[in-house]
Amino acid sequence: MSNPQQLRYSKEHEWLSAADANGVATVGITEFAANALGDVVFAQLPAVGDTITAGESCGELESTKSVSDLFAPVTGEIVAANQDVVDDPALVNSAPFEGGWLFKVKITDEPADLMSADEYTAFAAG
């Protein structure tokens with residue numbers, strides 16, 4: 001399992017890109033989480049304009065094994081949801097760090113407990 005070094009990670013297995021100049025970051029689930037879920041068959045993502053709160057549920061992914069909540073890694077406003085994942089949820093499994101991203105959020109608050117790639121790799125192996 002390879003976790004991109006430039007991303008930060010939550011204990012709920014979401015990844016977060018660095019924010020752009022407008023304070024917008026991209027969120028997805030990690031390869032570890034995608035593998036644990038199995039084949040993702042349905043994605044319910046937050047809608048553009050929704051406000052999400054760090055640590056709280058903001059959507060769900062359904063796989064052939066189970067339904068799993070998506071948790072917000074930061075607090076902010078949703079500015080984009082990945083319609084490609086809604087149309088083809090298997091992207092979460094095939095490209096969790098690329099085409100399988102879930103949503104973009106304009107960050108208003110960020111928790112201090114986000115992990116680096118190395119910290120997350122140790123946590124996930126734990």
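Here are a few notes on a predicted model, for someone opening it for the first time.

1. Start with the annotation. The UniProt record, an unreviewed entry, puts a feature called "domain: Lipoyl-binding" at residues 24–106. In the model, the two end C-alpha atoms of that span sit 4 Å apart. As for its make-up, residues 24–106 are 43% strand and 19% helix.

2. Next, the aromatic rings. Searching the whole structure turns up 3 aromatic pairs. One of them is Tyr9 with Tyr120, which is stacked, with 4.9 Å from centre to centre and 15° between the planes. Tyr9 belongs to strand 1 (residues 8–9) and Tyr120 to helix 4 (residues 117–125), so this pair ties together parts that are 111 residues apart in sequence. If you're wondering whether these two are buried or exposed, both Tyr9 and Tyr120 are buried.

3. A further pair to look up is Trp15 with Phe97. This one is tilted, at 6.0 Å centre to centre and 40° between the planes. Here too distant parts of the chain are linked: Trp15 is in strand 2 (residues 14–16), while Phe97 is in the loop between helix 3 (91–94) and strand 9 (103–109), 82 residues apart. Trp15 and Phe97 are both buried.

4. Don't stop at the pairs when you look at Tyr9 and Tyr120. Together with Phe123, they make up one aromatic cluster. Helix 4 runs over residues 117–125, so when you trace it, keep the cluster of Tyr9, Tyr120 and Phe123 in view.

5. There's also a charge sitting over a ring. Which residue lies over the face of Trp101? That would be Lys104, at 4.8 Å from the ring centre.

6. Now the salt bridges, which won't take long: the structure holds 1. The side chains involved are those of Arg8 and Glu110, and they meet at 2.2 Å, N to O. Arg8 is in strand 1 and Glu110 in the loop between strand 9 and helix 4, so to speak of sequence, the pair links distant parts of the chain, 102 residues apart.

7. How accessible are the two partners of that salt bridge? Arg8 has 24% relative accessibility, so it counts as partly exposed. Glu110 comes out at 35%, and therefore also counts as partly exposed. The cut-off behind this is that buried means under 20% relative accessible area and exposed means over 50%.

8. One thing to view side by side: strand 1 holds Tyr9 of the stacked pair and also Arg8 of the salt bridge. Tyr9 is buried, whereas Arg8 is partly exposed.

Notes. Residues numbered from 1 in each chain as written. Predicted model: local features only at pLDDT ≥ 70, side-chain atom pairs only at ≥ 80, totals over all residues. Heavy atoms only, no water. UniProt positions renumbered as here; feature names shortened; annotations may be inferred. Phe/Tyr/Trp six-rings, centres within 6.5 Å; stacked < 30°, edge-to-face > 60°. Buried < 20%, exposed > 50% of the residue type's maximum accessible area, 1.4 Å probe, protein only. Lys NZ or Arg CZ within 6 Å of the ring centre and 35° of its normal. Salt bridge = Lys/Arg side-chain N within 4 Å of Asp/Glu carboxyl O.
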